[in-house]
Amino acid sequence: MRAFFGLTTTQQHITMSDAIKHECGIALLRLKKPLSFYKEKYGSSFYAIQKMYLLLEKQHNRGQDGAGLASIKLDMEPGERYISRVRSNKTSPIQDIFSQVNGRINQELEENPEWLNDVDAQKKHIPYLGEVFLGHVRYGTFGKNNIESVHPFLRQNNWMHRNLIVAGNFNLTNVKELFADLVRLGQHPKEMADTVTVMEKIGHFLDDEVEDLYFELRDKEGLSKKDASPVIGERLDIARILRRASKNWDGGFAMAGMLGHGDAFVLRDPAGIRPAFYYEDEEIVVVASERPVIQTAFNVPFNEIKELDPGHAIIIKKDGQVSFEEILEPLERKACSFERIYFSRGNDASIYQERKMLGRTMMPMILKELNNDVENAVFSYIPNTAEVSYFGMVEGAQEFLNQQKTERILALKDELNPEKLQEILSKTIRSEKITIKDAKLRTFITDDSNRDDMVEHVYDVTYGVVKPTDTLIVIDDSIVRGTTLKKSIVKMLDRLNPKKIIVVSSAPQIRYPDCYGIDMAKMDTLIAFNATLELLKDRNMYHIIDEVYAKCKTQEHLPDAEVTNFVKEIYAPFTDEEISDKISEMLHPETVKADLKIMFQTVENLHVSCPDNLGDWYFTGNYPTAGGNRVVNRAFMNFVEGNDARAY
Ligand SMILES: NC(=O)CC[C@H](N)C(=O)O
């Protein structure tokens, strides 16, 4: 039964109604020196834990469903704990895990003050005080948000090197097949979670490798079980394990792992869909999903942080040796452009420029809509992710105004006097902070009609800067479902009584589902799809839906490589503009007096703006892996069949 009155956290539902589910973030850190080194140089043996906190906190943009941290202590004696792990799916999960970690550490130090400066004793007794760390922030794309789904996942064993800890930013299109493979191998996975499936896949070949090595050491070198153990750790061929494990993975991934004895790795998918960056010096090796995170946490320059090559793994052996191995043959590079548009932090040196370019390249379309009348225009943005593209848009507007001024000055030439010149030069682009996000807004009463009313107030507006003759141009990073726009933003903006509202999306129309790590797997959650359905109805072309469905259906049993994305056919009869106009119509609330125009970035300009991240399947339907075509057809069939499931 619904609670009638009480402070409920519909905040989540209100502010997230339109937001795309972000990505996951990973952070792997290896200390190359003994703990005493960090204590001496940086004043604390908890150096790595502090760095892990920074690495995760600086990636909190990537996921708020949960967070986790695991650590490995090297060279511990039998019977001593060497693996620690903590996970949380509370409201502020990163805060929660680190307050648990700190709590444990402080408690141990309070109870044993003699350990305060004794690094050896600390390592022996205090949890988390290790040399290899794996952290994760999660936004689920598979299964639920329960604590069992929070990374890192742990596969325990009494053999040190058979302990496997895994965390990833990933989504595979064929998890169900991989799961079936495991069952075929005689395994009995205890849950149907994608991360468990991936981990068990790696674990299976890890076990194999350990066993092979053991028999080899026993038979050829006559080593006892006990003596073989450390040698197995040294000789474990991580690349071979990863090659065998990932052979049939279809998807986007940055999979990170640690083994009980201290080896660690990160493997990136062959199309480079998911990001991974690394940095190494004499003291540390670090891998994270975003570059500036490493820059900030370790104060190192941009060009010293490298991107992990697609299809490659960085492998850090227990002895600190770092190597890079090709695990999967690289495909054409199709790094996810949404990382640049929206997910990743805008303070990355390249992303910052790319986002500005995304705003700037929208200018010709905006000017056309304004009939070049920039004087009666107010430029603004939706906080906070569209802020950078807004700067680019305003720069573009300024450039246009300067051109106009130049032309006027040149036309006046002889008649020019200081007053006239002053008058021309005094014109500026009006750029204002119009929308304010009141993220903390909560509702008291949860019945739906009231909620809509409250949703309207998630954003507030700045009064007094817009005239009734003005057009208000507001840039947003992307428009998925359009719910927040319709229910909140447009209504709020209309209170300022502008003549017209233009909402600019720095991303193109999202027409297809994602299956590589963004939780966007259903067609009818996309406004571009819904608008296209309306257009098909308007023009008596709805039969296309049945035809495409029939075509999808015939492919159901084809191998992935032979599947075609037939969903493209439903968009084919229409121009981008027609779809955008339909979207404008659909997102125009009845009560709003101002004209509304919604315009989207073009795919060409997206590529111009983000030249290294050409992954654009959600806009174009061009999936970089074969499984993508299966997923998009499945998503479409799900829609037609009224099935609300994710399509992978
Ligand atoms: N966004 C992600 O990378 C999610 C990772 C994984 N598929 C999960 O749901 O836990």
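Ala, Val, Leu, Ile, Met, Phe, Trp, Tyr, Cys and Pro count here as nonpolar, Asp, Glu, Lys and Arg as charged, and the others, Gly among them, as polar. With that sorting in hand, the shell around the ligand in this predicted model breaks down into four nonpolar, eight polar and three charged residues.

**The ligand site**

Let's start with the place the ligand occupies, which is the largest cavity. There are 15 residues around the ligand, and the ones that come nearest are Cys24, Arg138, His151, Phe170 and Asp194. Looking at where the shell comes from, strand S6 (164-172) and helix H7 (194-221) each contribute at least two residues. S6 gives the largest share, with four residues.

Some polar contacts to the ligand are worth having in one place:

| Residue | Protein side of the pair | Ligand atom | Distance |
|---|---|---|---|
| Arginine 138 | N or O atom in the side chain | oxygen | 2.6 Å |
| Tyrosine 139 | backbone N or O atom | nitrogen | 3.0 Å |
| Glycine 517 | polar backbone atom | nitrogen | 3.1 Å |

As for cover, the ligand on its own has 290 Å² of accessible area, and the protein covers 100% of that.

**Backbone oddities**

Now for a couple of backbone details. Most residues other than glycine have a negative phi, and most peptide bonds are trans. Histidine 151 and proline 152 are joined by a cis peptide bond, with omega at about -10°. His151 also turns up among the residues that come nearest to the ligand. Its partner in that bond, proline 152, is in the loop between strand S4 (132-138) and strand S5 (153-155).

Which way does phi go at tyrosine 128, positive or negative? This residue is not a glycine, yet its phi is positive, at about 70°. You'll find tyrosine 128 in the loop that runs between helix H5 (119-125) and S4.

**A parallel sheet**

Elsewhere in the chain, five strands make up an open sheet with parallel pairing, in the order S15-S14-S18-S19-S20. Strand S15 (430-431) and strand S20 (595-600) are at the edges with a single partner strand each, so each has one side left without a neighbour in the sheet.

Within this sheet, take the pair made by strand S18 (residues 471-476) and strand S19 (residues 500-505): the two run parallel and are joined by six bridges. Leucine 472 sits opposite isoleucine 501 of S19.

**A hairpin**

What about an antiparallel pair? Strand S12 (residues 312-316) and strand S13 (residues 322-326) run antiparallel, and five bridges join them. Here isoleucine 314 faces phenylalanine 324 in S13. S12 and S13 form a hairpin, with five residues between the strands. Glycine 320 belongs to the turn and has a positive phi of about 95°.

Note on methods:
Residues are numbered from 1 along each chain as its sequence is written. This is a predicted model: local features need pLDDT of at least 70, side-chain atom pairs count only at pLDDT 80 or more; totals for chains, interfaces and linings use all residues. Side-chain values use heavy atoms; hydrogens and water are left out. A residue is near a molecule or strand if one of its heavy atoms lies within 4 Å of it. A polar contact is a pair of N or O atoms within 3.5 Å; within protein, one must be able to donate a hydrogen and the other to accept it, and residues adjacent in sequence count only if both atoms are side-chain atoms. Accessible areas come from the Shrake-Rupley method with a 1.4 Å probe; for residues, only the protein chains shown count as cover. On a 1 Å grid over the protein atoms alone, a cavity is a set of points where a 1.4 Å probe fits but cannot get out, and a pocket is an open set with protein on both sides within 12 Å along at least five of seven lines; lining residues have an atom within 4 Å of a point. A molecule sits in a cavity or pocket if more than half of its atoms lie within 2 Å of its grid points. Two strands pair if DSSP finds at least two bridges between them.
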